[in-house]
Structure formats: structure tokens, C-alpha cells
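Student: Got a minute to go through this one with me? I'd like to look at some backbone details and one of the sheets.

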Amino acid sequence: MSPAPSDTAGVLERKDLGRLLEVLNGAGYRVVGPRVRDGAIVYDELRTEEDLPIGWRDRQEAGTYRLERSEDGRVFDFNVGPHSWKKYLFPPHHLLWSTRQEGNRLQVAPGPTLEDKPLAFLGVRACELAALQISDRVFQGGVVDPTYSQRRSSALIIAVECSTSAPTCFCPSMRTGPEVTQGFDLSLRELLSPWGHRFLVEAATDRGRALLRQLPLRAGTEEDQGDLGAQRARVRAGIQRSLPVDEAHDLLQENLEHPRWETVGRRCLACTNCTMACPTCFCSTTEEVPSLSGETSEHFRRWDSCFNLAFSQLHTISVRSSIASRYRQWLNHKLGTWWDQFGTSGCVGCGRCITWCPVGIDLTEELAALRAKAPSTPTTAQGAKA
Amino acid sequence: MPALGPNPRLAVFKFASCDGCQLTLLDCEDELLTLTRRVEIADFREASSQVIEGPYDLTLVEGSVTTEEDRHRVQEIRAESRFLVTIGACATSGGIQALRNFADVEEFSRVVYASPQYIRTLATSTPIRDHVSVDLELRGCPISKHQLLETISAVLTRRTPDLPTDSVCIECKRRGNVCVLVARGATCLGPVTQAGCGAICPAFHRGCYGCFGPQGTPNVPPLTHRLHELGASRGELLRVFRTFNAAAPAFRQASESEERAKT
């Protein structure tokens with residue numbers, strides 16, 4: 001018999017992972033997490049353990065993402081994919097309210113609020129925990145966004161510490177990962193070695209502890225800690241990209257006229273993929289969809305992007321007509337003025353914007369270019385001064 | 001936007017086209033009865049042979065100008081219309097028939113027709129906007145039913161319709177589609193193509209072929225460069241840009257650049 005686990009931590013054998021899904025379903029959660037679809041690992045509903053991407057690995061580079069089979073049967077042997085949790089907290093297209101004309105009166109009905117079941121996010125990585133905390137400041141720091149707030153407060157966060165890293169990752173330099181340290185209800189650390197295939201489980205909240213008590217756990221051993229240390233070292237060693245998080249704000253402000261903006265503007269497609277894939281980009285617009293009869297109307301919120309021409313349209317003209325000026329605006333906000341607005345960087349180093357850019361523009365490379373040399377001759381990103 | 005009378009008259013006219021965009025109006029089955037209560041359908045020959053003379057409050061124009069007669073007819077239609085909306089790739093960029101703009105029409109006529117002396121056609125297929133002023137354009141081959149209803153509703157209530165010039169990518173991402181270009185290396189024109197279709201093709205695992213024409217600020221050269229890196233040949237990209245919006249300037253420049261590089 002293994003020694004008994006504590007009430008906040010223990011070890012779950014691989015064969016018992018399915019029990020976690022059962023416990024979550026039993027507790028009334030709608031479990032969402034990673035699963036394979038259309039050649040990528042996306043976030044979607046999970047019903048059983050078999051829905052997880054068991055034995056799948058991803059290969060990521062700037063502008064490229066591929067899945068491949070792995071032989072060792074690891075469950076979480078992949079990095080963050082095209083989706084992020086923001087799609088659940090800040091839905092891409094969402095009914096805010098609807099109106100109906102009844103005689104001389106206008107009846108207003110609110111849009112859908114909470115689902116009947118609270119969400120359980122299974123597989124939240126360290127960089128994504130950081131993204132959730134950044135989003136909390138955006139959506140709840142001042143005026144509270146009811147849609148976000150209701151879902152966020154009810155959602156159970158089950159973190160999974162990365163056991164691999166992609167060449168597009170740069171979380172260590174952003175101080176957001178790869179180790180999972182806080183911001184979760186329950187965390188999992190998958191280990192696979194001659195000592196076995198198992199998960200170190202840790203509970204950080206009452207909700208987490210209530211779930212942990214229902215899992216068949218054993219106490220941790222020195223071997224578990226040894227494997228974890230080796231795994232963490234391997235993950236960190238695999239991360240090559242970096243970004244000067246503390247320098248970025250001033251570096252960007254001092255280089256608003258750098259010729260590099262024109263260079264990247266010639267490559268950028270203004271397609272919005274970076275901002276859509278970003279776990280913290282939060283821009284939206286609203287649309288009014290009246291019925292043809294004119295008696296009813298629906299008011300939606302939908303994801304928008306600073307790369308769209310209409311995004312910067314002020315009284316019929318766009319103040320950021322050049323793509324260079326839009327890229328500059330995005331990077332300046334994400335890494336610079338986000339500090340002024342929210343007290344943090346807007347970037348967590350997940351690398352999604354690098355992988356999912358169709359032409360592979362890499363923000364770490366752009367920042368390095370700004371840092372490498374100050375502009376010798378001042379030029380202007382056309383139409384750009386925001 | 002001009003104010004409309006209490007019983008606005010709607011007319012639908014066609015030029016060189018396949019009728020598919022007009023069909024989108026007939027396809028609004030659930031909304032048709034409501035529509036007929038809001039507007040008087042004055043001239044819509046695909047739906048009814050009953051014709052009421054102009055002027056019209058809202059005119060939908062499908063198709064491109066390809067004959068001398070059409071050049072005059074479009075002027076007459078404009079003169080009879082308070083608000084003129086062009087619908088579809090033919091009307092907004094010249095359509096697939098604008099392939100003639102890249103070739104010798106006389107030679108085509110000799111090859112295709114037994115008696116080419118009866119063919120009287122212009123050397124080019126051009127969008128309606130090249131001939132008369134146009135109030136709004138609806139892109140697509142065919143147009144989107146949602147955008148059509150949105151536009152009619154906007155004209156009736158004198159507001160600006162919601163017709164984003166964003167790329168198809170944003171619709172893919174809102175839908176949760178996995179990017180076929182990044183995850184499969186598929187030839188996809190989504191990044192340079194205007195939204196409006198709801199990203200139908202990528203949702204069915206194929207690349208966008210640009211039927212809504214170029215987005216608001218299309219930057220095509222870096223995309224073609226990337227597609228070449230992924231293995232697309234010059235000939236393939238030439239064909240991809242020469243479809244329903246072949247004559248839209250950004251797509252025309254792209255195909256001509258592929259053609260020059262090929263020869």
C-alpha cells in the first residue's frame with residue numbers, strides 16, 4: 001500500500017485519470033478542454049478520458065502547426081493550440097440584448113446569461129492562467145462585464161503544467177511560466193518515467209479540495225519530485241525565444257518612427273489572425289440586427305481587431321489607413337501601453353500570434369529589431385500617429 | 001441616405017450574370033412575405049412577369065456590363081433609381097466573364113461561335129460602378145442572404161448597413177475553425193479576401209477561393225510569397241486569383257504578377 005495523500009496534494013495514476021472526468025461530470029460541471037479536431041488540438045467539450053488528445057503531439061513554428069502521433073501515450077504532450085479560453089468567457093459572437101416594439105413601448109430583454117452548468121476548464125497552462133488574470137483586469141478591473149464575470153466566477157480551473165515546449169513559446173521571459181504556481185482550483189503535472197505514468201495533483205481552493213477528496217490518490221514520493229525537476233528543466237531548455245518584458249514599454253515609445261514598422265507593414269496581411277488567437281486581445285464591436293418587419297431587433301457583440309480598417313474609422317475616415325500603423329498600434333498596446341492601462345503587459349508569451357500568423361511574423365523578432373538599432377533616419381509609418 | 005416613401009418600390013435588374021444572386025432574394029423564404037409588406041416589388045422578372053414602370057426607390061443590380069446595349073441600359077436604370085445597390089461578384093468586379101479582359105475577345109468569338117459575325121460584345125467585362133454611381137455594393141458569388149436582408153432593412157430604415165471589409169480570417173476565428181493554411185498548408189485566400197460568407201469553405205476544410213473579392217486593405221504579395229514557400233506553383237496561384245473576382249484590382253495585380261514570373 002502507498003502512503004496516504006494529504007488533503008491538498010497527491011498522486012493520481014494514469015489508469016485513474018478517467019475518474020477525474022467522472023468526478024467533474026458528477027459534480028455538475030460542463031467540462032471543456034483539449035481535443036483533436038481538423039488537424040489541431042482545440043478546446044471543446046470533453047465527456048470521457050478518450051476525448052483527450054492521448055498520444056498526440058504538436059509541432060509549431062512561425063506560421064506552421066502540425067499534429068503527429070507520439071508513441072509513449074502521454075495525455076498532455078502538446079502546447080497551446082489555436083483556441084484559448086477566452087472563447088468561453090468572452091464569446092466570439094454573443095447576444096447582449098434584444099428589443100421588441102409593442103405599441104408605443106419598447107420592450108428590452110437581456111441576452112442569455114449563465115448556462116445551467118458551470119464550466120470546468122481542464123488543461124489550463126501556466127501562460128493561460130496568466131492570460132486569465134490579465135483578462136480579469138480588463139473585464140472586471142473597472143466596469144464589470146457581466147458576461148465575462150458570471151462565467152469566470154463559476155468556472156473551475158484545472159491547470160496542467162507543460163511537459164513540453166514549442167519553439168514559439170517564450171513564457172519564461174514574460175515571467176508567466178512554464179511552471180504552474182497559482183491561479184487554479186486543481187492542478188495536474190503529468191510524469192512519465194520508469195517510475196510510472198502518473199499525475200501529481202494539487203488543490204488550491206475549497207472547490208479543488210472537494211474534488212481532490214474524490215480521487216484515488218497516493219502520497220507523493222522522492223521519485224515523483226525527481227521526475228518533476230528533470231521534466232521542468234527539459235521544458236525550460238526547449239524554450240529559445242524571449243522578449244524583454246520590462247524594457248518593451250519604453251523601447252516602443254522611443255521608436256514610434258522606426259523604419260522597422262514599414263518593413264513589418266509590408267509583410268503583415270492585416271488578416272487579424274494574431275489578435276483572434278491571442279488569449280488576451282479583447283476588442284469587440286457591436287452589431288444591431290433588426291428584423292425586416294422592424295418590430296424586433298437583436299444587439300450582438302462580436303470579436304473585432306485593431307488590424308481591421310474599420311476599427312480605426314472615426315467619422316468616416318480611418319486614422320490608421322496603413323497596415324504598418326495598425327501593426328505598430330497592436331504591438332504598442334500589447335507590450336507597452338497595456339502597462340499604463342492595466343498595470344501589466346498584455347502578452348503572456350504563449351506564441352499563438354507567431355504560430356497562427358499565416359506569414360509567420362514573430363513579435364519577438366520585431367522587438368529585437370527595434371532594440372538592435374535606433375533609427376538612423378526618421379521615417380513615418382504613414383497615417384500612423386495614433 | 002435618401003428618405004423613402006411609405007410604399008417603397010423595389011426593382012431587380014440583371015446584366016451579364018448567372019442569376020444566382022437574384023436567386024438569393026427568392027431564397028429568403030421566411031422573410032419574403034414580410035418583405036412584400038415593406039416594399040412593392042415593381043420589377044423582378046425572375047419572380048414575376050408583372051412589371052411596374054419606374055422610378056424605383058431601391059434597385060438591385062446583378063451582373064456586369066459586357067455589351068454596348070448594357071452600357072446604355074445601366075444609365076437608364078440609374079436614372080430611374082433613387083438607391084442603387086449592386087449585388088455579387090459580376091456587378092462589383094466584372095465576374096468570371098472578366099477573364100476576357102486578359103485575352104482577345106475576337107479570337108474567343110472565332111473559336112467558340114460558328115457565325116462570329118453575329119456576336120457584338122465589348123472587349124471587357126466591367127463592374128456597374130465603372131459606368132454609373134453606385135450607392136452600395138454587396139460582394140460574393142453568390143451574395144450572402146444575411147447581407148442582402150441587412151442591406152434592404154438598412155435602406156428601409158435609412159441607416160448604414162453593417163458590411164465589414166475585414167478579412168475572411170476573422171470569421172474563421174469567430175467560428176473556431178482551425179486555419180487550413182497554417183495547419184495544413186492549404187492554398188487559402190482568406191487573409192486577403194473580404195468577409196461576409198461566414199468562412200464557409202475553411203469550415204469544410206478547403207481554402208478560401210476569394211469569391212467575396214479583396215478585403216479592405218489587401219496585402220497580397222506576402223501571401224503569394226508564403227503560398228509559394230508552401231509549394232503552390234505560379235500556375236496554381238494564377239488560376240486561384242483568376243476566378244470570380246479576376247478583375248478586382250488587387251487580385252488582377254496578383255495574377256498578372258504570377259503570369260509575368262511564369263513566362
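**Odd peptide bonds, a sheet and two threonines**

Tutor: Sure. Keep in mind that this is a predicted model. Let's start in chain B: P142(B) sits in the loop between β5 and α6 (145–156) of that chain.

Student: OK, and which residue does the cis peptide bond join to P142(B)?

Tutor: C141(B). The bond between C141(B) and P142(B) is cis, with omega about 0 degrees.

Student: What about P55(B), which residue is on the other side of its cis bond?

Tutor: That one is G54(B), and omega for the cis bond is about 5 degrees. P55(B) is in the loop between β2 (40–44) and β3 of chain B.

Student: Why bother pointing these out?

Tutor: Because most peptide bonds are trans.

Student: Fair. Switching to the sheet: how many bridges join β3(B) to β4(B)?

Tutor: There are 6, between β3 (residues 56–62) and β4(B), and the two strands run parallel. One of the facing pairs is V61(B) opposite T86(B), the latter in β4(B).

Student: And which helix goes with those two strands in the β-α-β unit?

Tutor: Helix α3 (residues 68–79) of chain B. Together with β3(B) and β4(B) it makes a right-handed β-α-β unit.

Student: Which way does β5(B) run relative to β4(B), parallel or antiparallel?

Tutor: Parallel. 3 bridges join β4(B) to β5 (residues 136–138) of chain B. T86(B) turns up again here, standing opposite E137(B) in β5(B).

Student: So β4(B) pairs with β3(B) and with β5(B). How many of its residues are buried?

Tutor: 6 of the 7 residues in β4 (residues 81–87) of chain B are buried, so the rest of the structure largely encloses that strand.

Student: Let's hop to chain A. What's the phi of T272(A)?

Tutor: About 80 degrees, so positive, although T272(A) is not a glycine. Most residues other than glycine have a negative phi.

Student: Where is T272(A)?

Tutor: In the loop between α9 (260–267) and α10 (273–277) of chain A.

Student: Buried or exposed?

Tutor: T272(A) has a relative accessible area of 1%. Buried means under 20%, so T272(A) counts as buried.

Student: And what's the phi of T316(A)?

Tutor: About 75 degrees, again positive in a residue that is not a glycine. T316(A) lies in the loop between β15 (313–314) and β16 (317–318) of chain A.

Student: Is T316(A) buried or exposed?

Tutor: Exposed, with a relative accessible area of 66%. The cut-off for exposed is over 50%.

Definitions and conventions:
Residues numbered from 1 in each chain as written. Chains lettered and ligands numbered in written order. Predicted model: local features only at pLDDT ≥ 70, side-chain atom pairs only at ≥ 80, totals over all residues. Heavy atoms only, no water. Buried < 20%, exposed > 50% of the residue type's maximum accessible area, 1.4 Å probe, protein only. Helix = DSSP H or I, 4+ residues; strand = E, 2+ residues; numbered from the N terminus. Pairing = 2+ DSSP bridges. Right-handed = clockwise from strand over helix to strand, strands pointing away.
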